[in-house]
Each structure stands twice: as C-alpha cells, then as structure tokens.
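Colleague: Got a minute to go over the charged pairs in this one? Pull it up and walk me through it.

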Amino acid sequence: MSTRNRIPGHQKKLAFALAVVLILLGWQAAAWVLPDFLMPGVPTVIARLVQELQSANFLEALQGSLGRLGAGYGVALVLGVGFGLFGAVQFFFREVLKSAIIILQSIPSIAWVPLLLIVMGFGSMPIIVVVAIAAFFPAALSVMNATESVQHVHVSAARVMGASRWDMLKRVYLPAVMPELITGAQLAFGNAWRALISAEMLVGFGKGLGRSLSYAGETADMVGVMTNILAIAILAPLIDQLLLENLRHRVLRYQYV
C-alpha cells in the first residue's frame, strides 16, 4: 500500500502536541483578557484537576460516566455490527434498516431523553440507552456501506464452494469490512461520548462528569466548570488512542507496514 498520504508516527505525535499547545494558549489568552471569575487560567484549572483526582466524589463521577459509556457503547457496537452484517445477506432488510437510520439519525440523541425518562424513570438506564442510540447509527451504517463494496467475485466464489450464510458472514464479509468497522467504531465512540455528557447534564441524576459540570455551572463555580471540561477533553482522546487506535493498529497491521 502506498504511504504517500501517510506521515510517520512521530510527526503525528508532534502534530497532536502542537494542537494541544495552541488550544491551551488560546485558553490562557482568554483568561488574561477576561476577569478571573469568568475565565480562570490554565495553571489554576490544572491544579484543581490534580486536587479533584484525589477526591472520592470526582472518582465516583468518573467511574459512573465510564460505566454508562461502556454499557451503551458496547451494546451499540454489538447491535450495529450484527445488523450491518445481517444486511449483507438480506438485501431488503439492509435497505429498510438504512432508510430507518437515515430518518432517525436526524433526531439529536439528546431529544430522546424526555421520552426515556417517562418510560424508564430516573436512573442510569435512560442515559445508557441514549448513548447506545447515538453510537448505533454510525456503527451500523459503516458496516452496511462496507458490505456493499465487497467484490462480487469473492461472494460468487464462496457460494460456488457451498458456503452457508454464516460462512459468508464470517469468512467473506467480516474480513472485508474490518477497516470500515474500526473507523465506524471510532466515529461511534465520539457520538457516544458527546451523548453521555449531554444526557448526564440534562438528566441530573447520580454521579457523572456531565452532572458535575452541570452542578458547577449552577453554582457559578467557573474553576469547577473548566476543570470538568478539561477532564472531558482529556478522557475522550485518551480512550480513543489507548483503546480504539491501538485496536486499529493491531487489526489492520498490514496498512502500517
């Protein structure tokens, strides 16, 4: 595979570090212009974050958010990949599901919260369902779109050799859609993370980073607001790089040779 469009790993890390520095500089510049009670500086917020990391309440909020994220995101991936692969061998089902997704994904995932609160009541379950809804659409669409690009000669050869539908899914479609599946999983994670924080802020139940952010805003604690925003901004790329990007490199090693 040609590497003309790829840059070395150390340059990617340098670009990421530069982006972080630029964001922090912009933040600090805003802190110099605005009063402290409106925009605390970067050192103040980092010191508060270090302090919060030693607090039981903050760790419980972090654990609660990650637990809901894992549950909703995991369910979305299983269902998205499952339905996407099933659509590979059931063309009419694929078109019905794709049409339904196109319609439903136009509704912001957070818009489902009032309905889910009425049906399920207050608790973690409505938040988990919102996360699952947000992550399901890109996961399923990426797999279905990838199955459409599978070469017909491979499908025909498998059928001639007497492959069952299960064999077709396992030996033909799944390996072919793996690159798009990993990309879809990363897109789904971004949707799931944003839906999680928004839902926690709106529901206002239990421990969570979104709830902590909302409470800090309600009490006009700007240092607390920026501390939670910083924690949210750090966690998302950290999870993406440590888990999803490493998985991408392991599964798609041939693309990085």
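**Salt bridges**

Modeller: Sure. R48, E52 and D221 are linked in a network of salt bridges. A salt bridge here is a side-chain nitrogen of Lys or Arg within 4 Å of a carboxyl oxygen of Asp or Glu.

Colleague: What sort of model is this, and what goes into the values?

Modeller: It's a predicted model: local features need pLDDT of at least 70, side-chain atom pairs count only at pLDDT 80 or more, and totals for chains, interfaces and linings use all residues. Residues are numbered from 1 along each chain as its sequence is written, and side-chain values use heavy atoms, with hydrogens and water left out.

Colleague: How many salt bridges does a search of the whole structure find?

Modeller: Four.

Colleague: OK, how far apart are the closest N and O atoms of E52 and R48?

Modeller: 3.1 Å. Both residues sit in helix α2 (residues 42–52), four residues apart, about one turn of the helix. Helices are DSSP runs of H or I, at least four residues, numbered from the N terminus.

Colleague: And R48 with D221?

Modeller: That salt bridge is 2.8 Å, N to O. It links distant parts of the chain, 173 residues apart: R48 is in helix α2, D221 in the loop between α9 (209–218) and α10 (222–251).

Colleague: Is D221 buried or exposed?

Modeller: In between: D221 counts as partly exposed, at 23% relative accessibility. Buried means under 20% relative accessible area, exposed over 50%, partly exposed in between (1.4 Å probe, protein chains only). R48 is partly exposed as well, at 22%.

Colleague: Switching topic, which residue does E218 pair with?

Modeller: R211, with the closest N and O atoms 3.7 Å apart. E218 is exposed at 55%, while R211 is partly exposed at 23%.

Note on methods
Helix = DSSP H or I, 4+ residues; strand = E, 2+ residues; numbered from the N terminus.
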